[in-house]
Each structure stands twice: as structure tokens, then as C-alpha cells.
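Visitor: I would like to go through some side chains with you, one question at a time. Shall we bring up the structure and begin?

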Amino acid sequence: MRDHTLRLLRDPYGFILTELRRSGGGDVARTGLLGQPAVCLSGPEAADWFYGPQLHRAGAAPLPVQLTLFGRGGVQSLDGRAHHHRKQLFAPLHDEQEVTRLAAEVAAELHAAAASWAGREVSLYRAVQPPLFRAVCRWAGVPLGPGEAERRTPSVVSLFDDAAGPGPRHVRALLNRVRCDRWATRVIRDLRRRPTPLRPTLAERVARHRDEAGVLLPVHTAAVELLNILRPTVAVSVFIAKLGQTLAERPGVAERLAAADTDERMRFIEEVRRLHPFFPAVVARTSEETTYGGCPMRRGTRVLLNLVGSGIPQGGGDVWQGHRCPGEPITRAVMAVALDLLLTLDHDVLSPPRVDAHRAPAIPVDGFRIRVHQVKDHGYGR
């Protein structure tokens, strides 16, 4: 089987569909990645099968992704009882009151930042990242010194923006993983030195979390999980840029949404998420010899499930028993706040009207660069 890793890097969002066409259509195709046989899947039936017991996540993600995006020892690499127990650490991401509280922090930060955009050209993708980082750190109880958010945001962004990039981008992600792990480790150690409060913050809960055997997590593992809470909120900047791009591509939609209710705005947000999944695929390995769609697979075969156009932009299956992302409510809430902001911006679009799908995550060219004339009164404040 020929190795098609370079083809995947060149066309990450079209790779699986191309492999399916090369195999004569259908929803399953054999390929070769990272020197090993792999199988590509697509479609709702394949998604149901993918989240069954015949697949596991331990060792499934390529090592370069583990070393950058996820971090070593994070929840994404666990299975079974250990995974189920660790996943409970992320329960606040599904708590309605907590999601509302984070959305309020994001709204205050984004609108404060937007006030400084008037009369300037900004890349929406880059401009929203420091406010998102400040908001999620305040929400989680992570202390930041003056100017620290601006200094640390680029390193946190690199964990998801450069992780799947070739050559220099991936090296940059590796270096920034080291920087972020060191910082998060200091945060965890500082929190562990303090008395346990009656109402611990989310960061304090991470610092004191114990595994399924009752053992306190290693400092580095706790640091990785803290970043697994902070990083995804900053990564919503990818979807925010695509909100702006989608509004620019569809004249009249902004005017309609400005007068729309919450439900209609949320339908628009879900459509943007469906059409523009963050990453092109999710990955697992077979736990045993198995077969799907007439394609036999040996134990340990890497399996890729296509997310492009699948309707499950943050994965499928059950959130707490499986590997579906627990941060979907936060993603929706933050996107809703950002959409409200975009509808108040009087701006011109400077970027070409297209998304660069030859990188992962795919973002609008130039990060959706705009010239902001003014920001209408939004009614937000602290």
C-alpha cells in the first residue's frame, strides 16, 4: 500500500473524499499513512460504527499531534474506565450556568477589544484571540499578570494552528507546547500550594483531580488538562473568522440576522459549523480484528472518519461515555456572542472571499482582514 501522508498534508479537507473516489465510491477506502495501512470512512452509518466498541483512541492520534495539539497523557488518549473518570473533569463545559458565565466574560472582552478596532485594519482571526484567552482564564480561575494574555496567546494558538502544519509550522507548535506546558505546570503547582477553597475554581479542580484509583494526577498531566480547557475556547477564533467570512459571502444575511431571534441566529451558527468543521477528520484504532463495509481490518489499524459535511463538526457519539467533544455548548455560546458583535461592526472586507483549505485548521485568507469604521452601541459592559 502506497503511503499518502504528503497528499493528506497538501489537501487535508479533501483527502478522504479523494481516497473514496479513487476506490470507486462508497463510504470506505484503504490508504496508507505514516508508513502504516489506514482506512478512511465517511457518512452517517460509518460514524455510528466508528463510535462503537471495536475502536479505541489510545495511540490512535499520530505522535506529532499528541506532542502538540493534545499534549501527552491528556483525556483524548484514554479509553475505558480511565477515560470515563477523567472526562468528568470537563463537566463544567456542559453546565448551563457555567457556559452562561463564560459567555458573559467573552462578551465583555470582545466588545472592549472591538472598541479599539474603530478606524483600523484587523485580522478578525487574530484580533479575537487575546480577548478569548483573557475571558477563559478569568472564567477558569487562572491568574494572569498585566500584559500576560498578549504574551501567552500566540503560544496557545500555535498548539492548534500549527499542530497539523508541515515543516516549520510543526516545529513552532512543538516549541510552543513546551512553553505552554511549563507555564501551566507553574499554575498547577501554585494552586496546589494553596489551601483548598470551599468553592474551588475550575483550575483548582484540575489541580486537585485524582485518577480512577484515587491518585493525584501528575503535575504535567494536570497541566495538559488545564490547557485542554483553555485552548479550545481560544480555538473558537477559527469559527469566528468563518462567521465573518460567511456573512460577507451572503449579502443580505447580516441584515436578516440583525432582526432575527436567538433560534434563527443559532441555526446560522450550526450551519457554519457543519460546513466548516474545525479539523477534517477524527482518528481511532481498531481494538480487534473487524470489518466494515466489506473492508477487513487487522487489530491496531488506524481509522479516519471524515467530518467534512458530516454534520458532526466536533465528533459524534456520547459526550461522557465516548470521545465526543464536551465543549460544544461553549463553542455555540462563544460563536453566538461573536455573531452579535459582528452584526454591530460597520466594516469593509479586505480579504479575498475564500477559505484556505490547504491548511488545518482551514481559515479565511489573511484571517478575514477587515477595516472597521465604527462599532455600534452594544449594551455590554462590566
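Visitor: Is Tyr51 buried, partly exposed or exposed?
Guide: Happy to help, and please keep in mind that this is a predicted model. Buried would need under 20% relative accessible area, and exposed over 50%. Tyr51 has 21% relative accessibility, so the class is partly exposed.

Visitor: Which kind of aromatic pair do Phe50 and Tyr51 form?
Guide: A ring pair is described by the distance of the centres and the angle of the planes. For Phe50 and Tyr51 the centres are 5.1 Å apart and the planes are at 75 degrees. Angles over 60 degrees count as edge-to-face, so this pair is edge-to-face.

Visitor: What about Phe133 and Trp183: stacked, edge-to-face or tilted?
Guide: Here the centres are 5.9 Å apart. Phe133 belongs to helix α8 and Trp183 to helix α10, 50 residues apart, and the pair links these distant parts of the chain. With planes under 30 degrees apart counting as stacked and over 60 as edge-to-face, the 55 degrees between these planes makes the pair tilted.

Visitor: Is Trp183 buried or exposed?
Guide: Its partner Phe133 has a relative accessible area of 0% and is buried. Trp183 has 4% relative accessibility, and the cut-off for buried is under 20%, so Trp183 is buried.

Visitor: Where does Leu20 sit, and which residues does Leu20 contact beyond four places in sequence?
Guide: Leu20 lies in helix α2, residues 15-22. Leu20 is buried, at 6% relative accessible area. Beyond four places in sequence, the contacts of Leu20 are Gly25, Gly26, Asp27, Val28, Ala29, Cys40 and Ser42.

Key:
Residues numbered from 1 in each chain as written. Predicted model: local features only at pLDDT ≥ 70, side-chain atom pairs only at ≥ 80, totals over all residues. Heavy atoms only, no water. Phe/Tyr/Trp six-rings, centres within 6.5 Å; stacked < 30°, edge-to-face > 60°. Buried < 20%, exposed > 50% of the residue type's maximum accessible area, 1.4 Å probe, protein only. Helix = DSSP H or I, 4+ residues; strand = E, 2+ residues; numbered from the N terminus. Contact = heavy atoms within 4.5 Å.
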